[in-house]
Amino acid sequence: MNNLVFVFALVALLFTACAPESPAAGPSTIGTTIHKEDSMTYRTLTPEEKRVIIDKGTERPFSGQYYLNKEKGLYQCRQCGAGLFRSDAKFESGTGWPSFDDALPGAVRQIPDQDGRRIEIVCANCAGHLGHVFFNEGFTSRNARYCVNSVSLAFDPADKPAETVQTAVFAGGCFWGVEYHFNKVKGVLSTRVGYTGGTTANPSYKQVCTGRTGHAEAIEVTYDPSIVSYEELAKLFFEIHDPTQSDRQGPDVGTQYRSAVFYHDDRQKQVAEALIAQLKGKGYQVVTDVVKAGEFWPAEDYHQDYYDKTGHQPYCHIYQKRF
């Protein structure tokens, strides 16, 4: 009898890798807001799909349809069809479930578990349960693992990753003004403001403002390099804020308002460093940090496209030609 109890306990422990430990406390104000369209049509779910997607269950490890899938394409929400992950973000973690180190911007919502030990991830479009996200495990340079049930996913091999689409991350004071200027650039496909460069997972605006999380207010720019180059974007960044101010930008003071370039690869790093060298050659005492990009946490919805929503103009981000 004791051996049988041990076996059941071992199986239960294995199945908790992606399963929620307790129901979420309610909708979080962190990240992207869930949007449900009145005209949205959902797929009819099988009993197993309902058990996972609606009832927040977990499929058996190493059994999922997409666990070892290496095709190029787009992973979508099984319930509503919304795009979630690109195949180029998928990696082999050895955990038994499909793993991704990044999600499409605004596609996945994070909800801290009540016990604070894990973070559930759901489709931002329909709130269907996907799995959990884990950080700082060292699997990839992004240091994130979105652990997803295959049964929560659909796969479209025809929707290949757009190799021309790239991302850039900059921090230059209050992210409202930085986003305002980047949104006007031809070739910029989308932007989102958020927090990066710190140690606290999924921080709120209030937490970042204490200066204790280590994050900077930043912007993630998705762009088409066939239309606008990374160098052009980086030049704009240095011309819409004062890169000589340390831990502040105009009236905004604090480490969260520091100037920084968060590079994704060596090419971006080299461009940023070369531009800084040019500015120093012109007499500017640049204090901009150039650091490897880490996890980017989207800010609360009311911060996104702030000046477009309010009709105001930036108060401390005035364009000044420097190149």
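## Briefing: a six-strand sheet and R192

Strand 15 (residues 259-263) pairs with strand 16 in the parallel sense, over four bridges. The model is predicted. Both strands belong to an open sheet of six strands, ordered 16-15-10-12-11-17. R192 lies in strand 11 of that order.

**Whole chain**

- The protein chain holds seven helices and 17 strands.
- It has 323 residues, and buried residues make up 50% of them.
- Take the contacts with a separation of 6 or more: residues 24 or more positions apart account for 72% of these.
- The chain exposes about 15500 Å². Carbon and sulfur atoms supply 52% of that area.

**The sheet**

- Pairing across the six strands is mixed.
- The edges are strand 16 (289-292) and strand 17 (297-298), each of which pairs on one side only.
- Helix 3 (residues 175-182) packs on the sheet. This helix touches strand 10, strand 11 and strand 12. Its direction makes about 165° with that of strand 11.
- In general, strands of a sheet pair through backbone hydrogen bonds, in a parallel or an antiparallel way.

**Strands 15 and 16**

- Within this parallel pair, V261 stands opposite V290 in strand 16.
- Helix 6 (residues 266-281) joins strand 15 and strand 16 in a β-α-β unit. The unit is right-handed.

**Strands 10 and 12**

- Strand 10 (residues 166-172) and strand 12 (residues 216-223) run antiparallel. Five bridges join them.
- Q166 stands opposite Y223 in strand 12.

**R192**

- R192 is found in strand 11, which spans residues 188-196. In the sheet order, strand 11 sits between strand 12 and strand 17.
- Its relative accessible area is 14%. The cut-off for buried is under 20%, so R192 counts as buried.
- The R192 side chain makes a polar contact with the side chain of E220, at 2.5 Å.
- Neighbours within four places in sequence aside, R192 is in contact with P105, G106, E179, A218, I219, E220, F296, P298 and Q304.
- Several of these partners can be placed on the elements above. A218, I219 and E220 fall within strand 12 (residues 216-223). E179 falls within helix 3 (residues 175-182). P298 falls within edge strand 17 (297-298).

Note on methods:
Residues numbered from 1 in each chain as written. Predicted model: local features only at pLDDT ≥ 70, side-chain atom pairs only at ≥ 80, totals over all residues. Heavy atoms only, no water. Helix = DSSP H or I, 4+ residues; strand = E, 2+ residues; numbered from the N terminus. Buried < 20%, exposed > 50% of the residue type's maximum accessible area, 1.4 Å probe, protein only. Polar contact = N/O pair within 3.5 Å; in protein donor to acceptor, adjacent residues only side chain to side chain. Contact = heavy atoms within 4.5 Å. Pairing = 2+ DSSP bridges. Axes fitted to C-alpha atoms, helices over the stretch in contact; angles between N-to-C directions. Areas by Shrake-Rupley, 256 points an atom, 1.4 Å probe, with all protein chains shown as cover. Right-handed = clockwise from strand over helix to strand, strands pointing away.
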